[in-house]
Amino acid sequence: MRTTMETKSETVDTIRCPIRGPQAPPMKQIKPAGMTSGRQITSSPTAVVYCEGNFAQIDGKTANGLVRYSQAYRILSVIDSTYIGQDSGTVLDDVSNSIPIFGHLNAAVAHEAVLPDTLIYGMAPSTGRLSAADRGVVLQAIELGMNIVSGLHEYLSDDMEITNAASERNVTIRDIRKPKPSKDMRLFDGSIAGVKALRIAILGTDCAIGKRTTATVLAHALNAKGIKTVLVGTGQTGLMQGAKYGIAMDAVPPQFCCGELEGAIVAASEAEQPNVILIEGQGALSHPAFCTSAFILRGSQPDAVILQHAPKRAHRCDFPNMPMPTSSSEITLIEAFADTKVIGVTLNHEEMSEAEITDTIAAQSHKLGLPVTDALARPAAHLLAMVVAAYPGLTQRPPVAAI
């Protein structure tokens, strides 16, 4: 059966409840079991990710993240005519993932024996809006009977042409960035002080630099070690991937950003009783175009920070006249702004050779006096060791089941 998410936001108390409304993970499909079993089998809704002209690029970060990891949706294919016929994992990370790339929606649908449940808009353009060509693909998917998921700042559920088409075809529109009414949002109240779990924020020196990917890899590594960890999402991609707790921070009025994030963390703490809570970063504290990092530091009050940096990136995304900061300058700023400490640095290895990654890890570690690794190019054990070195008591706690 299809997902039944409503396009309206449901009012909730985030202190006691995980995500609800448009930002919530989709409902699972329940499929009948075989005749020999009395059980029902649940599976994630299937999805095609639309990323025309942007896959494996900065503006395709949502699609990039979804093909690497998705708990909420089973990703069937990607649409980007630049890479027709190629494997998305090979294009992105030089490792096959058996998720093919097609040039258009018809080809992606024809490849499947059953119509995919969902079309996910997999781009994060700086405009935050739908182009005319993209609108045509969305309407085509609706006509086929596919649900729509979008992380744009332009809410598709407020678009009369799209909502009328969705109503006629009885499909749903899930606007990830559409927040609940401000009257239902919470202010910061200091309840974060009662959270016992170690809180680590994954921040960066720029946007679209790999903070969410590093946080996801670290969460998996900690849980695999028996250190129960919850990742709190703060952006549209993390919520699409299936984050149980979190908010799309850049869609929340500034007055409520700290309180809404605090509420999500407290909810995760009370419901899951984790050893560690990881908080996905957004933007960069030093970046004048974004304020989300400041709200993350204030709202989550992290015990520690891991900093993501791209050594070969010359300038900020979409700002060619704005040079990138150094990792050391960002660390100084973070530690001056908040009562926290940076415990390590992770690299985004874009435009770097294997030798350059190795040399940079050694040089940065020596210069900063901190452990440095690369979440994708180096074993996850190195990332885990970074956290355990700072907090050795984590491995001395009784092991618990991962969520």
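pLDDT is the predictor's confidence in each residue, on a scale from 0 to 100. The exercises below concern a predicted model.

**Exercise 1. Confidence**

Find what the mean pLDDT of the protein chain is, and over which residues pLDDT stays under 50.

Solution. Start with the whole chain: its mean pLDDT is 89, and 88% of the residues reach 70 or more. Next, look at the N-terminal numbering. Residues 1–17 have a pLDDT below 50, with 55 contacts in the model beyond near neighbours in sequence. Over residues 19–23 pLDDT also stays under 50, and the model has 31 contacts for them beyond four places in sequence.

**Exercise 2. Helix H8**

Compare the reach of helix H8 with its expected span, then decide whether H8 is mostly covered or mostly uncovered.

Solution. Helix H8 covers residues 254–272, which makes 19 residues. At 1.5 Å a residue, 27 Å is expected. From first C-alpha to last, H8 reaches 28 Å, close to that value. For the second part, a residue counts as buried under 20% relative accessible area. By this cut-off 15 of the 19 residues of H8 are buried, and the helix is mostly covered. Just after H8 comes Gln 273, with a positive phi of about 50 degrees.

**Exercise 3. The sheet of six strands**

Give the strand order of this open sheet, name its edge strands, and state which helix packs on it.

Solution. The order is S5-S4-S3-S6-S7-S8, with parallel pairing. Strand S5 (101–102) and strand S8 (173–175) are the edges, each pairing on one side only. At the S5 edge, two bridges join S5 to strand S4 (residues 74–79). One residue pair to locate is Ile 79 with its bridge partner Phe 102 in S5. Helix H4 (residues 132–144) packs on the sheet and touches S3, S6, S7 and S8. The direction of H4 makes about 165 degrees with that of S6.

**Exercise 4. The sheet of seven strands**

Explain why one side of S11 and of S17 is left without a neighbour in the sheet.

Solution. Write down the order of the open sheet: S11-S10-S12-S9-S13-S16-S17, paired in parallel. Strand S11 (245–246) and strand S17 (372–373) stand at the edges with a single partner strand each, so one side of each has no neighbour in the sheet. Now take a pair within the order: strand S9 (residues 198–204) and strand S12 (residues 276–280) are parallel and share five bridges. Ile 200 has Leu 278 of S12 as its bridge partner. Finally, helix H12 (residues 380–390) lies across S9, S13, S16 and S17, at about 170 degrees to S16.

Definitions and conventions:
Residues numbered from 1 in each chain as written. Predicted model: local features only at pLDDT ≥ 70, side-chain atom pairs only at ≥ 80, totals over all residues. Heavy atoms only, no water. Helix = DSSP H or I, 4+ residues; strand = E, 2+ residues; numbered from the N terminus. Expected span 1.5 Å × (residues − 1). Buried < 20%, exposed > 50% of the residue type's maximum accessible area, 1.4 Å probe, protein only. Pairing = 2+ DSSP bridges. Contact = heavy atoms within 4.5 Å. Axes fitted to C-alpha atoms, helices over the stretch in contact; angles between N-to-C directions.
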